[in-house]
Amino acid sequence: KAKHVDFLICDKATFTPLLVVEVDDPCHETPKGKKRDRLVNFVFRKANLPILHLTDESLKDLSELKRSIYKELEN
C-alpha cells in the first residue's frame, strides 16, 4: 500500500532530500498509526534520511518550528 509523508525538505540547488517532516495528528496514536510510523521511521532510517515528527500544536509557533527544522538539519 502507498505511504506518504507530510513534507520533504530538499536542497534548493540539487533537490537532494535533506529532511522528512511528519505532522502527527491524533490518528498517529492509534495502533494502526503507530504501526505505520514504525514502518516509515524504519524506511527513512535505512535511507539515512532524518525524520522530524511534529504535533499540530507545534505548527502554531513559527519560530519554534524553524528552530526544530534547523536543529535537525544541523545533525
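Trainee: How many bridges pair β2 with strand β3, and in which sense, parallel or antiparallel?

Mentor: Start with the general idea. Strands of a sheet pair through backbone hydrogen bonds, either parallel or antiparallel. Two strands count as paired if DSSP finds at least two bridges between them. Here β2 and β3 (residues 51-55) pair in the parallel sense, over 5 bridges. Strands are DSSP runs of E with at least two residues, helices are runs of H or I with at least four, and both are numbered from the N terminus. This is a predicted model, where local features need pLDDT of at least 70 and side-chain atom pairs count only at pLDDT 80 or more, while totals for chains, interfaces and linings use all residues. Residues are numbered from 1 along each chain as its sequence is written, and side-chain values use heavy atoms, leaving out hydrogens and water.

Trainee: Which residues stand opposite each other in β2 and β3?

Mentor: V23 stands opposite L54 in β3. The bridge partner of E22 is H53. For V20, the partner in β3 is I51.

Trainee: What joins β2 to β3 along the chain?

Mentor: From β2 the chain passes through α1 to reach β3, a right-handed β-α-β crossover. Right-handed has a viewing rule: point the strands away from you, and the path from the first strand over the helix to the second runs clockwise.

Trainee: How do strands β1 and β2 run, parallel or antiparallel?

Mentor: Strand β1 (residues 7-10) and strand β2 (residues 17-24) run antiparallel, joined by 4 bridges. C10 stands opposite P17 in β2. The two strands form a hairpin with 6 residues between them. In that turn, F15 has a positive phi of about 65°.

Trainee: What is the strand order of the whole sheet?

Mentor: It is an open sheet of 3 strands, ordered β1-β2-β3, with mixed pairing. β1 and β3 are the edges: each has a single partner strand, so one side of each lacks a neighbour in the sheet. Neighbouring strands are turned by 25° against each other on average, direction ignored.

Trainee: Where do the helices lie?

Mentor: Angles compare N-to-C directions, from 0 to 180 degrees, using axes fitted to C-alpha atoms, for helices over the stretch in contact. α1 lies across β2 and β3, at about 150° to β3. Helix α2 (residues 62-74) packs on the sheet and touches β1, β2 and β3, its direction making about 165° with that of β3. Contact means heavy atoms within 4.5 Å.

Trainee: Is G33 buried or exposed?

Mentor: Buried means under 20% relative accessible area, exposed means over 50%, and partly exposed is in between (1.4 Å probe, protein chains only). G33 is buried because its relative accessible area is 10%. G33 sits in helix α1 (residues 31-46). Leaving out residues up to four places away in sequence, G33 touches C27 and H28.

Trainee: Where is T30 found?

Mentor: T30 is in the loop between β2 and α1. With 34% relative accessibility, T30 is partly exposed.
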